[in-house]
Amino acid sequence: MTMVKVFRCPARHGYAVEVSPFIANRLACSASQYYGIVGCGSLLVLDVTETDIHLLRRWEWGDGLFDVSWSETNEHVLVAGGGDGSLQLWDTTNQNAPLRVVKEHTQEWDAALGQSLTTLRGHEGVVYSTIWSPHIPGCFASVSGDGTLRVWDVKRAACRLAVPAHQAEILTCDWCKYDQNIIATGSVDCSVYIWDLRNVRHPVNQLLGHTYAIRRLKFCPFSRSLVASCSYDFTVRFWDYSRDPPLLDTVEHHSEFVCGLDFNLHIPNQVTHTPACLYFYLCEDSFSERVLQLLPLSRVVRPR
């Protein structure tokens, strides 16, 4: 029998979760108060044991925290992004203040020139997501409210490819771990598109099934064509874009928007995701469920 582990954090709404690239049972979760509209934020570092999820470290910030990422060179270091435009560098061995705070963005949707290495311009709307290529050094992809997917060359400080990927805002993207030409995009039009960068006239596949905007998606690190997506429709869905139909399974036991999602790099088929209510939406039971859930793919509900 498979166990689903739950961590509850009262008065906080999770926005992002990421598994440590060094420690198999360690997670980081960024969270905000009052659905991210006002109030402060929290950064949580959690250890998963055989029986439950243990809080290792918790830091508070004066504004909402909406994203988190582990360092890939130091197992103790992670960075969080705040609604005040700041990036904070945290160390799990230091329970006090962050190691460093960088603030060139004046707010979460605006940017100003400062001490950054490079500023790349080209999008005509809010940039919602970026992802480094796991195959090509100095190359990353970005998606925006302007409906485009763009591929950038950092060395040349230039956009190498612009794809009108959706006719709506795009909130998330991810690069396939097994193919340098495959990227997935998720949009407020409820769709996930799979793109081959060698031919962007049409997507390789369109993954349809969500009923509200796609908040985040991830390629599986253990399978070439497996993709997971989470949405404001309270569900997490698993897809194999090489199959017809592509939808494999649906997790539909949340009572809040699901905003964070990550595969465990160390344990095949283990996924973490965190629900949250954003903006002014108040969901049923929204003040009692503040959870981070950890589950293998075998613990999902078949699609209706």
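**Two open sheets and the salt bridges around them**

In strand β17, Leu207 is the bridge partner of Val192. I begin with that pair, and I should state at once that the model before you is a predicted one.

Val192 belongs to strand β16, residues 191–196, and four bridges join β16 to β17 in an antiparallel arrangement. These two strands are part of an open sheet of four, ordered β14-β15-β16-β17, with antiparallel pairing. At the edges stand β14, residues 170–175, and β17, residues 205–208; each has a single partner strand, so one side of each is left without a neighbour in the sheet. From one strand to the next, the twist of this sheet averages 20 degrees.

As a general reminder, the strands of a sheet pair through backbone hydrogen bonds, in either a parallel or an antiparallel sense.

I turn now to another sheet. Its order is β10-β11-β12-β13; this is an open sheet of four strands, and the pairing is antiparallel. Which strands form its edges? They are β10, residues 127–132, and β13, residues 158–163, each of which pairs on one side only. Here the twist averages 25 degrees from one strand to the next. Strand β10 pairs with β11, residues 139–144, over five bridges in the antiparallel sense. Within that pairing, Trp132 has Phe140 of β11 as its bridge partner.

Let us proceed to the charged side chains. How many salt bridges are there? The count comes to 11, and I shall discuss several of them.

The side chains of Asp153 and Arg160 meet in a salt bridge, at 3.2 Å from N to O. Asp153 counts as buried, because its relative accessibility is 16% and the cut-off for buried is under 20%. Arg160, at 49%, counts as partly exposed.

A salt bridge also joins Asp179 and Arg224, with an N to O distance of 3.3 Å. Asp179 lies in the loop between β14 and β15, and Arg224 in the loop between β18 and β19, so the pair ties together parts that are 45 residues apart in sequence. Is Asp179 buried or exposed? With a relative accessibility of 14%, Asp179 is buried, whereas Arg224, at 45%, is partly exposed.

Next come Arg198 and Asp196, whose side chains meet at 2.8 Å, N to O. Asp196 is buried at 14% relative accessibility, while Arg198 counts as exposed at 59%.

Finally, I draw your attention to Arg12, Arg58 and Glu60, which are linked in a network of salt bridges. Thank you.

Definitions and conventions
Residues are numbered from 1 along each chain as its sequence is written. This is a predicted model: local features need pLDDT of at least 70, side-chain atom pairs count only at pLDDT 80 or more; totals for chains, interfaces and linings use all residues. Side-chain values use heavy atoms; hydrogens and water are left out. Two strands pair if DSSP finds at least two bridges between them. Axes are lines fitted to C-alpha atoms, for helices over the stretch in contact, and angles run from 0 to 180 degrees between N-to-C directions. A salt bridge is a side-chain nitrogen of Lys or Arg within 4 Å of a carboxyl oxygen of Asp or Glu. Buried means under 20% relative accessible area, exposed over 50%, partly exposed in between (1.4 Å probe, protein chains only).
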